[in-house]
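Student: I've just opened this one and I'm not sure where to begin. Could we walk through it together?

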Amino acid sequence: MVHSFSPVALTSFAVLATSGIITAWRHLERLDALWTTSYGYALIAKLCVVAVVMAVLRRSATAELIAATIVLVITSVLVSLPSPR
């Protein structure tokens with residue numbers, strides 16, 4: 001089952017990462033909006049926690065679950081913020 005899941009997971013990750021980059025660029029429009037707007041701050045926080053999830057992957061299921069929950073909470077804040085246009 002792991003062998004059949006891994007290619008799907010990797011493909012899904014690539015699609016999500018690509019769409020996330022495109023969406024962030026469309027919302028921010030300028031690079032300085034990343035550190036000058038509340039939307040940018042929330043996006044940076046989310047990316048940092050996603051990095052933590054990737055770092056603890058396969059090491060601790062509890063730590064991964066906690067970090068993933070934090071990502072979901074930050075994402076809910078991120079989608080409620082106005083676009084910095």
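Student: How far apart are the end C-alpha atoms of helix 3, and what span should its 19 residues give?

Tutor: Keep in mind that this is a predicted model. The expected span counts 1.5 Å times one less than the number of residues. For the 19 residues of helix 3 that should come to 27 Å, and the distance between its end C-alpha atoms agrees, at 27 Å.

Student: Which residues of helix 3 are buried?

Tutor: Here you need a cut-off: buried means under 20% relative accessible area. In helix 3, the residues that count as buried are Y39, G40, A42, L43, V49, V53 and V56.

Student: Which element supplies the largest share of the largest nonpolar core?

Tutor: That core has seven residues: A24, L28, A33, Y39, A42, L43 and L78. At least two of them come from helix 1, and at least two from helix 3. The largest share is three residues, and the element supplying it is helix 3.

Student: What is L43 in contact with, leaving aside its neighbours within four places in sequence?

Tutor: L43 is one of the residues of the largest nonpolar core, and it is buried in helix 3. Contact here means heavy atoms within 4.5 Å. With those sequence neighbours left aside, the partners of L43 are A24, L28, L34 and L78.

Student: How many residues are in the second, separate core?

Tutor: V53, which is buried in helix 3, belongs to this second core. Also included are A67, V71 and I74, and the full count is five residues.

Student: Which element gives the largest share of the lining of the largest pocket?

Tutor: The pocket has a volume of about 1,300 Å³ and is lined by 38 residues, with F13, L16, A17, V50 and M54 nearest its centre. Helix 1 (2-28), helix 3 (38-56) and helix 4 (61-80) each give two or more residues to that lining. By type, the lining divides into 26 nonpolar, eight polar and four charged residues. The largest share, 17 residues, comes from helix 1.

Student: Is E29 buried, partly exposed or exposed?

Tutor: E29 sits in the loop between helix 1 and helix 2 (33-36). Its phi is positive, about 65°, although E29 is not a glycine. Most residues other than glycine have a negative phi. As for accessibility, the relative value for E29 is 45%, so it counts as partly exposed.

Student: Which residue with a positive phi follows helix 3?

Tutor: Look just past the end of helix 3 for a phi near 70°. The residue there is R58.

Definitions and conventions
Residues are numbered from 1 along each chain as its sequence is written. This is a predicted model: local features need pLDDT of at least 70, side-chain atom pairs count only at pLDDT 80 or more; totals for chains, interfaces and linings use all residues. Side-chain values use heavy atoms; hydrogens and water are left out. On a 1 Å grid over the protein atoms alone, a cavity is a set of points where a 1.4 Å probe fits but cannot get out, and a pocket is an open set with protein on both sides within 12 Å along at least five of seven lines; lining residues have an atom within 4 Å of a point. Grid points are joined across faces, edges and corners, and a volume is the space filled by probe spheres set on the points. Helices (H or I, at least four residues) and strands (E, at least two) are DSSP runs, numbered from the N terminus. Ala, Val, Leu, Ile, Met, Phe, Trp, Tyr, Cys and Pro count as nonpolar, Asp, Glu, Lys and Arg as charged, and the others, Gly among them, as polar. A nonpolar core is a set of buried Ala, Val, Leu, Ile, Met, Phe, Trp, Tyr and Cys residues joined through side-chain atoms within 4.5 Å. Buried means under 20% relative accessible area, exposed over 50%, partly exposed in between (1.4 Å probe, protein chains only).
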